[in-house]
Amino acid sequence: MSKVTILLNDLAQEVDSGSTLQGIIEKFDLPELGCVFSINNSVVPKSEWGKTVLSDGDSISLFQAIAGG
């Protein structure tokens, strides 16, 4: 299977071509609860994670909600 290179929080990662955002979250054991993911600075709704196929050069950022007071 061919590979593509993505940036995951600014770190280059090689993943299988055709990988979805949900697949990447699972592969790298990323937290899901209270998290927002963006690809190329566009937020991806959780309902789209399993349908969003990554392309070579995509930049994925993870943001965690932090409660404070």
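## A five-stranded sheet and its core

Strand 3 and strand 4 pair in the antiparallel sense, with three bridges between them. One of the partnerships is that of Ile39 with Ser42 in strand 4. The model described here is predicted.

**The sheet**

How many strands does the open sheet have, and in what order do they stand? There are five, in the order 2-1-5-3-4. The pairing is mixed. Strand 2 (11–16) and strand 4 (42–44) stand at the edges. Each has a single partner strand, so one side of each is left without a neighbour in the sheet. From one strand to the next, the twist averages 35°.

Now walk through the sheet in that order. Strand 2 pairs with strand 1 in the antiparallel sense, over six bridges. Here Ile6 has Gln13 of strand 2 as its bridge partner. Strand 1 and strand 2 form a hairpin with two residues between the strands. In this hairpin, Asn9 takes a positive phi near 50°.

Next comes the contact of strand 1 with strand 5. These strands run parallel and are joined by two bridges. Leu7 has Ser59 in strand 5 as its bridge partner.

Strand 5 also pairs with strand 3, in the antiparallel sense, over five bridges. Ile39 stands opposite Ile60 of strand 5. Ile39 has a partner in strand 4 too, namely Ser42.

One general point helps when you look at the side chains. In a regular strand they alternate between the two faces of the sheet.

**The core**

Which residues touch the most other members of the largest nonpolar core? They are Ile6, Leu21, Ile24, Phe37 and Ile60, out of 16 residues in this core. Four elements give two or more residues to the core: strand 1 (3–8), helix 1 (21–27), strand 3 (35–39) and strand 5 (59–64).

Take Ile24 as a starting point. Ile24 is found in helix 1. Is Ile24 buried or exposed? Its relative accessible area is 1%, and burial is set at under 20%, so Ile24 counts as buried. Leaving aside neighbours within four places in sequence, Ile24 is in contact with Ile6, Leu8, Val15, Ser19, Leu30, Leu54 and Ile60. One of these contacts, Leu54, is 30 residues away in sequence. In space, the C-alpha atoms of Ile24 and Leu54 are 9.1 Å apart.

Phe37 is another of the core residues that touch the most other members. Phe37 has a relative accessible area of 0%, so it is buried. Not counting residues up to four places away in sequence, Phe37 touches a long list of residues, among them Leu21, Ile25, Leu30, Pro31 and Ile60. The list also includes Ser42, Val43, Val44 and Trp49.

**An aromatic pair**

The count of aromatic pairs comes to one. How are the rings of Phe37 and Trp49 placed? Their centres are 5.0 Å apart and their planes stand at 90°, so the pair is edge-to-face. Phe37 lies in strand 3, while Trp49 lies in the loop between strand 4 and strand 5. The pair therefore ties together parts that are twelve residues apart in sequence. Trp49 has 2% relative accessibility and counts as buried. Phe37 is buried as well.

**Salt bridges**

How many salt bridges are there? The count comes to two. The table gives each pair, with the N to O distance and the relative accessibility of both residues.

| Pair | N to O distance | Relative accessibility |
|---|---|---|
| Lys3 and Asp16 | 2.7 Å | Lys3 43%, Asp16 30% |
| Glu48 and Lys51 | 3.7 Å | Glu48 30%, Lys51 59% |

Lys3 and Asp16 link distant parts of the chain. Lys3 is in strand 1, Asp16 is in strand 2, and they are 13 residues apart. Lys3 is partly exposed. Asp16 is partly exposed too.

What about the side chains of Glu48 and Lys51? They meet in a salt bridge. Glu48 counts as partly exposed. Lys51, at 59%, is above the 50% cut-off, so Lys51 counts as exposed.

Technical notes: Residues are numbered from 1 along each chain as its sequence is written. This is a predicted model: local features need pLDDT of at least 70, side-chain atom pairs count only at pLDDT 80 or more; totals for chains, interfaces and linings use all residues. Side-chain values use heavy atoms; hydrogens and water are left out. A nonpolar core is a set of buried Ala, Val, Leu, Ile, Met, Phe, Trp, Tyr and Cys residues joined through side-chain atoms within 4.5 Å. Buried means under 20% relative accessible area, exposed over 50%, partly exposed in between (1.4 Å probe, protein chains only). Contact means heavy atoms within 4.5 Å. Two strands pair if DSSP finds at least two bridges between them. Axes are lines fitted to C-alpha atoms, for helices over the stretch in contact, and angles run from 0 to 180 degrees between N-to-C directions. Rings of Phe, Tyr and Trp (its six-membered ring) pair if their centres lie within 6.5 Å; planes under 30 degrees apart count as stacked, over 60 as edge-to-face and the rest as tilted. A salt bridge is a side-chain nitrogen of Lys or Arg within 4 Å of a carboxyl oxygen of Asp or Glu.
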